[in-house]
Amino acid sequence: MNHFRPFEVEALTLLGAAILGEALVKAVARDSEFVSYDHSGVGYFLTVRHPLLPTGRIVLHEPMVLGRAGDIFGSYLAFVEHNELMLEYAGFTDVPQNFRDLDVQVEVKANAT
């Protein structure tokens, strides 16, 4: 069962393909086991489990992946450990409970030079 919205799969692919490999990211997005979901008011945490995920800790934070729905704007990162992956969305403003049901657009923040 797919626990990720399409925009979350896009964010996860941008964050994880270089380190985990695109095939593993797709497998996690498609075949993972739901662990938990927590809405904090200023973001959310979606945690899933997949047997092919590494047991050692990996923080997926590059490139900087942004998500925007109207005036709601924030960034994604992911943590991998013990065959689990937690996708975090941290808003720069309050994030409504229904954020995942909105038309979220994902983009990579260009590096300032």
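These are my notes on the core, the helix pair and one buried leucine in this predicted model.

**Core**
I started with the largest nonpolar core, which has 28 residues. Phe4, Leu20, Tyr76, Leu85 and Phe99 have the most contacts inside it. I then looked up which elements feed this core: helices H1 (6–20) and H2 (22–31) each supply at least two residues, and so do strands S2 (43–49), S3 (58–69), S4 (72–81) and S5 (84–91). H1 gives the most, with 5 residues.

**Phe4**
Next I listed what Phe4 touches, skipping residues up to four places away in sequence. I got Val9, Leu12, Val28, Ala29, Ser32, Leu46, Val48, Leu85, Leu87 and Arg100.

**H1 against H2**
How do the axes of H1 and H2 cross? I found that they come within 7 Å and cross at roughly 140°. That falls short of the cut-off of over 145 for roughly antiparallel, so I put H1 and H2 down as oblique to each other. Their crossing is right-handed. From H1, I noted Val9, Leu12, Thr13, Gly16, Ala17 and Leu20 meeting Glu22, Leu24, Val25 and Ala29 of H2. By class, this contact has 7 nonpolar, 2 polar and 1 charged residues.

**Leu46**
Is Leu46 buried or exposed? I read a relative accessible area of 0%, so Leu46 is buried. Leu46 sits in strand S2. Leaving aside neighbours within four places in sequence, its contacts are His3, Phe4, Glu8, Phe34, Ser36, Tyr37, Leu85, Met86, Leu87 and Arg100. I also checked Leu46 against Gly91, 45 residues apart along the chain: their C-alpha atoms are separated by 14 Å.

Key: Residues are numbered from 1 along each chain as its sequence is written. This is a predicted model: local features need pLDDT of at least 70, side-chain atom pairs count only at pLDDT 80 or more; totals for chains, interfaces and linings use all residues. Side-chain values use heavy atoms; hydrogens and water are left out. A nonpolar core is a set of buried Ala, Val, Leu, Ile, Met, Phe, Trp, Tyr and Cys residues joined through side-chain atoms within 4.5 Å. Buried means under 20% relative accessible area, exposed over 50%, partly exposed in between (1.4 Å probe, protein chains only). Helices (H or I, at least four residues) and strands (E, at least two) are DSSP runs, numbered from the N terminus. Contact means heavy atoms within 4.5 Å. Axes are lines fitted to C-alpha atoms, for helices over the stretch in contact, and angles run from 0 to 180 degrees between N-to-C directions. Angles under 35 degrees count as roughly parallel, over 145 as roughly antiparallel, 65 to 115 as roughly perpendicular and the rest as oblique. A crossing is left-handed if the near helix is turned anticlockwise from the far one by less than a right angle, and right-handed if clockwise. Ala, Val, Leu, Ile, Met, Phe, Trp, Tyr, Cys and Pro count as nonpolar, Asp, Glu, Lys and Arg as charged, and the others, Gly among them, as polar.
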